[in-house]
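User: I would like to learn how to read a model of this kind step by step. Could you take me through it, giving the general idea before each case?

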Amino acid sequence: MSAGAGIHCDVAIAGGGMVGLSLAAALAPLPLAVVVIEPVAPDASSQPSFDARTTALSAGSRRVLEGIGVWDGIRAAATPIRRIHVSERGSFGFARLTAEEQGIAALGYTIENRLLGRALRERCARIDRLTLVAARAQGVAADATGLRLATDRGDGIVARLVVAADGAESAVRRALGIAATSSDYGQHAVIAHVDTERFHDYTAYERFTPQGPIAVLPIGEGRSAVVWTLAPEAAERALGLDDQTFIAELQQAFGSRLGRITRVGRRQAYPLSLTRSERLTAARAVVLGNAAQGLHPVAGQGFNLGLRDVAALAELLAEDCAARGAAADPGSAPLLERYAAWRQPDREAVIRFTDSLVRGFGMPLAPLRALRATGLLAFDLLRPVKHEFARRTMGLAGRQPRLVRGLPLVARA
Ligand SMILES: Cc1cc2nc3c(=O)[nH]c(=O)nc-3n(C[C@H](O)[C@H](O)[C@H](O)COP(=O)(O)OP(=O)(O)OC[C@H]3O[C@@H](n4cnc5c(N)ncnc54)[C@H](O)[C@@H]3O)c2cc1C
């Protein structure tokens with residue numbers, strides 16, 4: 001990396017959230033100078049990535065986090081998911097997935113975003129070739145040696161590859177001229193931690209109700225993290241309720257599988273939409289994570305998909321460095337074409353899977369409910385289908401990058 005007329009580097013990552021910092025950590029073994037541009041201080045209450053949410057990580061994501069040196073920082077705080085229980089309010093059917101059936105120790109893990117953020121930052125602080133710039137990326141222009149990223153601090157950052165990892169509203173994606181479509185689900189997710197009478201026993205619950213799905217995820221100290229999807233006005237109302245009334249309404253919607261809900265923590269709401277960029281690449285640029293696709297959290301797929309984006313891009317950059325040495329070019333058109341072609345099928349499948357889950361269970365019509373109940377029961381009996389669902393939710397389906405398979409990014413000699 002060099003100074004003078006701004007900063008010059010190999011890879012500039014706009015956005016130091018969950019996906020941007022994961023990419024920075026993944027690139028650590030490569031001989032590339034990397035800059036991360038992030039405007040929000042890590043411990044600020046307005047940090048949009050590392051906030052009060054809890055993230056369900058797939059088994060594949062665990063392997064990626066191990067491979068990029070982050071798992072050790074969250075291992076003690078991560079809670080294994082040993083069972084997933086899917087049900088629908090007012091129906092008999094329910095479906096179960098167990099780690100035991102799949103022959104693995106855990107279907108996934110949960111981690112509080114705040115703790116994941118801390119571990120990612122600690123990992124990044126130990127990388128020599130990485131520079132963190134506290135600024136907001138604003139514009140992009142072609143430069144003789146790459147792309148020049150303008151920031152609100154005045155300094156330009158010239159990079160051979162620009163990565164837009166600045167979230168669903170990505171300013172960099174826009175500046176690159178990549179269009180995005182957004183469809184509002186007309187729902188908000190209300191999140192909160194709860195204490196319950198019964199121990200969660202490492203079970204994640206997904207319950208579909210006429211108002212929207214409720215996910216109840218196991219977290220540390222026997223508590224559970226709730227993601228309750230509601231119409232915007234109902235979500236607004238839920239935020240304003242006193243604790244006892246909120247608990248009573250949640251209890252009624254979720255049922256008594258965990259016994260009585262005895263306490264609720266601070267609540268927050270997130271508007272939900274499906275945002276997708278029309279392309280994954282532009283000349284010398286890639287869009288990654290939520291900047292490429294912002295999903296409904298119903299199946300807990302957004303960050304897991306973003307980590308597979310990270311693992312695939314890092315692998316292609318590693319291959320390029322190994323094959324071309326000093327002549328390697330992280331922003332070359334053939335490399336970016338290979339990236340887009342590799343990511344497209346996984347991306348499409350996860351968007352379709354998540355979207356159909358939201359829309360399929362979103363219609364409160366009695367005959368459909370009966371059908372879905374049968375579907376859920378059948379699903380519980382059909383082992384091969386379940387296996388495929390589990391592979392998808394565990395992030396194992398399709399051609400997988402080395403990091404997702406638990407292999408080091410760079411093959412050891
Ligand atoms: C309620 C809820 C629950 C979820 N649960 C799960 C789950 O269980 N499992 C799962 O896999 N996913 C889950 N997700 C999805 C997951 O949170 C996202 O996929 C993930 O946050 C994407 O990370 P990101 O870094 O791409 O984007 P973001 O988290 O949006 O981070 C973007 C970063 O870019 C920065 N930024 C913004 N503008 C600029 C700019 N102009 N220049 C530079 N930086 C900028 C921001 O400050 C931020 O740090 C959930 C989402 C929601 C809403």
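**Reading the fold, feature by feature**

Analyst: A census of secondary structure is a convenient place to begin, and the chain here contains 12 helices and 20 strands. Please keep in mind throughout that this is a predicted model.

User: What share of the 413 residues counts as buried?

Analyst: Burial is judged by counting neighbours, and a residue is called buried if 20 or more other C-beta atoms lie within 10 Å of its own. By that criterion 48% of the residues of the chain are buried. A companion figure concerns sequence separation: among contacts with a separation of 6 or more, 75% join residues that are 24 or more positions apart.

User: How should I read the packing of two helices, and at what angle do the axes of α1 and α5 cross?

Analyst: One takes the distance between the axes, then the angle, and angles under 35 degrees count as roughly parallel. Helix α1 (residues 18-26) and helix α5 (residues 113-125) have axes that come within 9 Å and cross at roughly 30°, which means that α1 is roughly parallel to α5. The crossing of α1 with α5 is left-handed. On the α1 side the contact uses M18, L21, S22, A24 and A25, which meet L116, L120, R121, R123 and C124 of α5; by class, these are 7 nonpolar, 1 polar and 2 charged residues.

User: Which handedness does the crossing of α1 with α9 have?

Analyst: Here the same reading applies, beginning again with the axes. Those of α1 and α9 lie 9 Å apart, at an angle of about 30°, so α1 is roughly parallel to α9, and the crossing is right-handed. From α1 come M18, V19, S22, L23 and A26, while α9 contributes F303, G306, L307, V310, A311, L313 and A314. The residues of this contact comprise 10 nonpolar and 2 polar, with no charged residue.

User: Is V310 buried or exposed?

Analyst: For a single residue, one combines its place, its neighbour count and its contacts. V310 lies in helix α9 and is buried, because 31 other C-beta atoms lie within 10 Å. Apart from neighbours within four places in sequence, V310 is in contact with V19, S22, L23, A26 and L288. V310 can also be related to P401, which is 91 residues away in sequence but 9.4 Å away in space, C-alpha to C-alpha.

User: How many residues surround the ligand, and which are the closest?

Analyst: A ligand shell is read by its members, their elements and their classes. There are 35 residues around the ligand, the closest being G15, G17, G167, G289 and G302. At least two residues of the shell come from each of α1, β3 (54-58), β12 (180-196) and α9 (302-324), and α9 gives the largest share, 4 residues. By class, the shell has 17 nonpolar, 14 polar and 4 charged residues.

User: Where do E221 and R284 lie, given that each is a residue other than glycine with a positive phi?

Analyst: With such backbone angles, it helps to note the location and the burial together. E221, with phi near 55°, is in the loop between β14 (212-218) and β15 (224-230), and E221 is exposed, because 7 other C-beta atoms lie within 10 Å. R284, with phi near 60°, is in the loop between β18 (281-282) and β19 (285-287), but R284 is buried, because 22 other C-beta atoms lie within 10 Å.

How values were computed:
Residues numbered from 1 in each chain as written. Predicted model: local features only at pLDDT ≥ 70, side-chain atom pairs only at ≥ 80, totals over all residues. Axes fitted to C-alpha atoms, helices over the stretch in contact; angles between N-to-C directions. Parallel < 35°, antiparallel > 145°, perpendicular 65-115°, else oblique. Left-handed = near helix turned anticlockwise from the far one by under 90°. Contact = placed C-beta atoms within 7 Å. Nonpolar A, V, L, I, M, F, W, Y, C, P; charged D, E, K, R; others polar. Near = placed C-beta within 6 Å. Buried ≥ 20, exposed ≤ 12 C-beta atoms within 10 Å, placed from the backbone.
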